[in-house]
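Biologist: I would like to learn how to read a protein model slowly, one feature at a time. Could you take me through this one, giving the general idea before each case?

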Amino acid sequence: MSTLEAIKINQSSTAHRMKASFPVRRLRFDFTSSKRYWFDNDAYFTHLMNAMSAIFPQGELMLIEALRNIRDKIDDPLLQAEISAFIGQEAMHAKEHLAFNRYADEQHINIDKLQNEVKDLYAIMQKILPSMHIMSIGCAIEHITATLGAELLRNDDWNNRLVGPVAELWLWHAVEENEHKAVFFDAYVASGGG
């Protein structure tokens, strides 16, 4: 094989971008048909889940930024593909939870204070913490959300009580958290985290 042939083979194999092991689903939910107490008409559990939704968009954006800040330290093309898909999934989660949060506001469910507190907390973190500290916090957040998502998916006592488009939002989010649960930790380790 000539050098030119070897270069062409190498170029063609690296020209194909690696594909992640999970997809980015671009979903959109219409919450207008949702009831105020969408969790089986239970105000307590509805508001518990509303509070979680309030903190998700800012958290998802913090995770995306944390990965972007360390991404140049990672050489593994498969992990780079997984990071791209992770960012795509998390961006969609932020977008759809923001849409849900607007619906909650229309229902006179005040989650603004909680959203603003989380936004302020992340702003402080970004000012005072090194990127690898933020990555370690992100590992913990991803572990918690994947664990909660797995429990939601396997616990019929919970998932059967979710109703309507909000149920679809939460079940979709739970599936995707479990699809990408290892990516953040793998990126943390690959970028020098111990």
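Biologist: At what angle do α2 and α7 pack, and how far apart are their axes?

Modeller: Please keep in mind that this is a predicted model. To describe a pair of helices, one asks for the angle between their axes and for the distance that separates them. Here α2 and α7 pack at an angle of about 50 degrees, and their axes are 13 Å apart. The two helices are therefore oblique to each other, and α2 passes α7 in a left-handed crossing.

Biologist: Which residues make the contact between α2 and α7?

Modeller: Once the geometry is known, one looks for the residues that meet. On the side of α2 they are M49, M52, S53, F56 and E60, while α7 brings W170, H173 and E177. Sorted by class, the contact of α2 with α7 has 4 nonpolar, 2 polar and 2 charged residues.

Biologist: H173 is in that list, so may we look at it on its own? Is H173 buried or exposed?

Modeller: Burial is read from relative accessibility, and a residue under 20% counts as buried. H173, which lies in helix α7 (residues 164-179), has a relative accessibility of 4% and therefore counts as buried. If we leave aside its neighbours within four places in sequence, H173 is in contact with F56, E60, H93 and H97. It is also instructive to compare sequence with space: H173 and Q89 are 84 residues apart in sequence, yet their C-alpha atoms are 8.8 Å apart.

Biologist: How do α3 and α8 cross, and at roughly how many degrees?

Modeller: We can use the approach we took for the earlier pair. The axes of helix α3 (residues 77-106) and helix α8 (residues 183-190) come within 10 Å and cross at roughly 135 degrees. That angle makes α3 oblique to α8, and the crossing of α3 and α8 is left-handed. From α3 the contact takes L79, E82, I83 and F86, and from α8 it takes V183, F184, D186, A187 and A190. By class, this contact of α3 with α8 has 7 nonpolar, no polar and 2 charged residues.

Biologist: How should I picture I83, and which residues is it in contact with?

Modeller: For a single residue, one asks where it sits, how accessible it is, and what it touches. I83 is found in helix α3 and, at 0% relative accessibility, counts as buried. Beyond its neighbours within four places in sequence, I83 is in contact with L67, R71, I74, V183 and A187. I83 and A187 are 104 residues apart in sequence, but the distance from C-alpha to C-alpha is 7.7 Å.

Biologist: How many residues are in the largest nonpolar core, and which have the most contacts inside it?

Modeller: A core is read as a network of buried nonpolar residues joined through their side chains. The largest nonpolar core here has 25 residues, and those with the most contacts inside it are L67, I70, I83, F86, M135, F184 and A187. Two or more residues are given to this core by each of α2 (43-70), α3, α4 (112-128), α5 (131-154) and α8, with α2 giving the most, 6 residues. Apart from this core lies another, of 22 residues, which includes F56, I109, V166 and W170.

Biologist: What does A187 touch, if residues up to four places away in sequence are not counted?

Modeller: A187 touches L67, I70, I74, L79, I83 and M135.

Biologist: Finally, which backbone features should I look for in the loops? What is the phi of D40, for example?

Modeller: One can look for a positive phi at a residue that is not a glycine. D40 has a positive phi of about 55 degrees although it is not a glycine; D40 lies in the loop between α1 (3-15) and α2, and with a relative accessible area of 42% it is partly exposed. H108 has a positive phi of about 60 degrees, again without being a glycine, and lies in the loop between α3 and α4. With a relative accessible area of 70%, H108 is exposed.

Definitions and conventions
Residues are numbered from 1 along each chain as its sequence is written. This is a predicted model: local features need pLDDT of at least 70, side-chain atom pairs count only at pLDDT 80 or more; totals for chains, interfaces and linings use all residues. Side-chain values use heavy atoms; hydrogens and water are left out. Axes are lines fitted to C-alpha atoms, for helices over the stretch in contact, and angles run from 0 to 180 degrees between N-to-C directions. Helices (H or I, at least four residues) and strands (E, at least two) are DSSP runs, numbered from the N terminus. Angles under 35 degrees count as roughly parallel, over 145 as roughly antiparallel, 65 to 115 as roughly perpendicular and the rest as oblique. A crossing is left-handed if the near helix is turned anticlockwise from the far one by less than a right angle, and right-handed if clockwise. Contact means heavy atoms within 4.5 Å. Ala, Val, Leu, Ile, Met, Phe, Trp, Tyr, Cys and Pro count as nonpolar, Asp, Glu, Lys and Arg as charged, and the others, Gly among them, as polar. A nonpolar core is a set of buried Ala, Val, Leu, Ile, Met, Phe, Trp, Tyr and Cys residues joined through side-chain atoms within 4.5 Å. Buried means under 20% relative accessible area, exposed over 50%, partly exposed in between (1.4 Å probe, protein chains only).
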